[in-house]
Amino acid sequence: MYGGENMELEQFSEIKDFYKSAESFLMKHEAAAELITSSCLADMEVKASSSNPPFLCCIREGGDILLTAFMNPPRPLLIFGKEEALPLLIKKLAMQDWGISKLTAPAKLARAFAEMWLRETGNSHRISMRMMLYRLERLTAFTPTLGRMRQASLKDSELAGKWLYEMGSETRSLLTEQEAMQTARQKIQEKRVYIWDSDQPVSMAAITRPTKNGMTVNMVYTPPEHRRKGFAKSCVADLSRELLQSGRKFCTIYTDETNPSSSKIYSDIGYEEIGRYTELAFNQK
């Protein structure tokens, strides 16, 4: 334990121990905290590296968790909870000389962390992306555009990889063309990618980060020549319907805050905004 006024910080070396301690808190906020929850579930049985260990902690006050922090290098630091617990977290990170290169968190929390981290370490930051998080529990009835959704097969790998690379270029992702091709092929092999066909493939979406009751939809992309025809809306709607009918209680999706048209697409089919998130990149001194 690591004390601070009435708060205490408990640090963990294994993800399974962290998740056991944080599970009830994370499940109370299952959709909003899905980044941490899904990361725990995905990495639960992976033995922590001694040379590049994870940073895992819960900060409590009076037995109640105020904040959780999860970082499994080289992935970003993920934090969720109350701003009042940040000074204790930052003091611990600085004392242990953790280098933070990226952070993803609710927007207000991310901003507060960045300001405190700058004062503590002198490391400044830039905003990589501002995102809006949407949740769907019940699909709104609408008439889909012509076509049908199907699960992508390996023969779609080249096209899906090309689309993923184009999507990355539009969103300022650092994904190389080769990485896009590899990622698309892997996700297709894992049966996570879906194509909307209208005489030909015209749009795609994928599923990722399952939690106990939810699933996230991502990789939504329609090439420019097929846009403004309702293909992405139909693909996401059919995929979301399939997830809900399979037993998921909700679906989530992130949108770029600078792209209001995508937000309207999702709100039109029943997705509701539940939060805003920020991804930060830190300079290292």
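Reader: How much of the chain counts as buried?
Author: In this predicted model, 49% of the 285 residues of the chain count as buried.

Reader: And what radius of gyration does the chain have, next to a compact globule?
Author: The chain has a radius of gyration of 20 Å, and because a compact globule with 285 residues would have one near 19 Å, the two agree. Taken along the principal axes, the box that the C-alpha atoms fill is roughly 65 × 35 × 35 Å.

Reader: How many helices and strands are there?
Author: There are 8 helices and 13 strands in the chain. As for contacts between residues at least 6 apart in sequence, 73% of them join residues at least 24 apart.

Reader: Okay, on to α5 and α6: at what angle do they pack, and how far apart are their axes?
Author: Helix α5, which covers residues 157-170, packs with helix α6, residues 177-189, at an angle of about 130 degrees, and their axes are 8 Å apart.

Reader: Why are α5 and α6 called oblique to each other?
Author: Their angle is about 130 degrees, and since only angles over 145 count as roughly antiparallel and 65 to 115 as roughly perpendicular, α5 and α6 are therefore oblique to each other.

Reader: Is the crossing left-handed or right-handed, and which residues make the contact?
Author: The crossing in which α5 passes α6 is right-handed. On the α5 side the contact is made by S157, E158, A160, G161, K162, L164 and Y165, while α6 brings E177, A180, M181, T183, A184, R185 and I188.

Reader: How do those divide into nonpolar, polar and charged?
Author: The residues of the contact of α5 with α6 comprise 7 nonpolar, 3 polar and 4 charged ones.

Note on methods
Residues are numbered from 1 along each chain as its sequence is written. This is a predicted model: local features need pLDDT of at least 70, side-chain atom pairs count only at pLDDT 80 or more; totals for chains, interfaces and linings use all residues. Side-chain values use heavy atoms; hydrogens and water are left out. Axes are lines fitted to C-alpha atoms, for helices over the stretch in contact, and angles run from 0 to 180 degrees between N-to-C directions. Helices (H or I, at least four residues) and strands (E, at least two) are DSSP runs, numbered from the N terminus. Angles under 35 degrees count as roughly parallel, over 145 as roughly antiparallel, 65 to 115 as roughly perpendicular and the rest as oblique. A crossing is left-handed if the near helix is turned anticlockwise from the far one by less than a right angle, and right-handed if clockwise. Contact means heavy atoms within 4.5 Å. Ala, Val, Leu, Ile, Met, Phe, Trp, Tyr, Cys and Pro count as nonpolar, Asp, Glu, Lys and Arg as charged, and the others, Gly among them, as polar. The radius of gyration is taken over C-alpha atoms; the globule rule is 2.2 Å times the number of residues to the power 0.38. Buried means under 20% relative accessible area, exposed over 50%, partly exposed in between (1.4 Å probe, protein chains only).
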